[in-house]
Amino acid sequence: MTHPIFEPGEPTSGVNQARVRDHNERLVLSLIQRHGGLPGSEIARRSGLSPQTVSVILRSLERDGFVQKGKPQRGRVGKPGVPMLLSPDGVLSVGLKIGRRSAELTVMDFLGRVRVHSQINYAAPVPDCVFGFLKDGLDRFAQSLTPKQRQRILGIGIAAPYEIWNWHESMGAPREDLEVWRDLSFANEIAKFSALPVHVENDATAACRAEHVFGVGPQLGDFGYFFVGSFIGGGIVLNRSVYDGPGRNAGAFGSLPIAGPDGRRQLIDLASIYLLEKQMRAMGLDPVQLWNVPQDWSGFEPAVAPWIKKSACAIAQGIVAVSGVIDFRDFVIDGAFPPQVRARLVSAIRADLARQDLRGLTLPRVHEGAVGANARAIGAAAVPIYAQFLLNSHAAWA
């Protein structure tokens, strides 16, 4: 048996017993996904699985259409290695992001490429509107697929805010419009028009998953993550996997107590885009323009500049609070805003963080996210893929 090579951000090692074949298949696929293609010998070296075991797994995955051979790697001593790649059409997955001001539908392939993306804006997330949007989107997408491609759709991942019914006041929505979500079953609602399996995840956790898999995550290892949407939220990556906790709400950084100008409040009330919306209304500007695609906030600078300053100060305090619990070396900041705004916010956070009381703590590094405003929908689409194919060290089967 070869010795596993452990590297930062690498999936965990494998074993050769037949009873854990599912684990080893996930391990092989996870290594290929992370590195964009590896020959069997390299997979064996990195995983600790025997070359024979890797060969059997790869043949099975290739036969089932989940992996495919790449071009031989020439220019090395010996026989050219043939990298194994994920097959783009091996699986397809649907992601639905339910936000406070908009819903997004994404269809993603095995490589993480977005095949379809659509969005609707609304004043408040009413179930009939949200599920009608999903049904119409699925119908349009299905019409463009062959029967074989339809069979490759794994399921629907849903990224939704935690306890959305509690935020009617901040959203300016009638309580009764949101209270209906309290006892609503996503699976039951979707079963009315689709037989696809349904996976539900907190929206900020889904965004963190997208960053972990498709953004800067592979270069960082473990990190803390803030996503600034209508309401700010967060996520955490521990032991090379997104950790959502027993209540599926780990990394709920929006609930962190923060010292604000008028006393102690939650981070969600100091660094969320709904606060920018309120400021724009007070200035006679239409906040709906914040959510138009493509996003351009350059015309709202009198409101945006002070919002960035206040948000950065609050997020810097949040980073210090999180660092006192988990010694993260890195934090990633992303959000539902243009890249230029993200860059300014991260720069301001770095400056504020340097002024914080860091006694007993190590100053962490703060990075811009790379996925962007669609991170929650992309992360939602990744959930069914992870549930069935990739390795998660925090899952019950790992």
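In which sense, left-handed or right-handed, does α2 pass α3? The tour begins there. The model is predicted: local features need pLDDT of at least 70, side-chain atom pairs count only at pLDDT 80 or more, and totals for chains, interfaces and linings use all residues. Residues are numbered from 1 along each chain as its sequence is written, and side-chain values use heavy atoms, with hydrogens and water left out.

**First stop: α2 and α3**

Select residues 40-47, helix α2, where Glu42, Ile43, Ala44, Arg46 and Ser47 are buried (under 20% relative accessible area, 1.4 Å probe, protein chains only). Helices here are DSSP runs of H or I with at least four residues, and strands are runs of E with at least two, numbered from the N terminus. Just after α2, Gly48 has a positive phi of about 85 degrees.

Add α3, residues 51-63: its axis and that of α2 come within 9 Å and cross at roughly 120 degrees. Axes are lines fitted to C-alpha atoms, for helices over the stretch in contact, with angles from 0 to 180 degrees between N-to-C directions. The two helices are therefore oblique to each other (neither under 35, nor over 145, nor 65 to 115 degrees). The crossing of α2 past α3 is right-handed: the near helix is turned clockwise from the far one by less than a right angle. Display Gly40, Ile43, Ala44 and Ser47 of α2, which meet Pro51, Val54 and Leu58 of α3; contact means heavy atoms within 4.5 Å.

**Second stop: the five-stranded sheet**

Next, select the open sheet with strand order β10-β9-β8-β13-β14, whose pairing is mixed; two strands pair if DSSP finds at least two bridges between them. Its edge strands, β10 (241-243) and β14 (365-368), each pair on one side only. From one strand to the next, the twist averages 30 degrees. Within the sheet, β8 (residues 223-228) and β9 (residues 232-238) run antiparallel, joined by six bridges. Phe226 has Gly234 in β9 as its bridge partner. Helix α13 packs on this sheet and touches β8, β13 (330-335) and β14, its direction making about 175 degrees with that of β14.

**Third stop: α12 and α13**

Extend the selection to α12 (residues 301-323) and α13 (residues 339-354), whose axes come within 8 Å and cross at roughly 45 degrees. That angle makes α12 oblique to α13. Here too, the crossing is right-handed.

**Last stop: a hairpin**

Finally, select β11 (residues 257-260) and β12 (residues 263-266), antiparallel strands joined by four bridges. They form a hairpin with two residues between them. The bridge partner of Gly260 is Gly263 in β12.

Conventions: Buried < 20%, exposed > 50% of the residue type's maximum accessible area, 1.4 Å probe, protein only.
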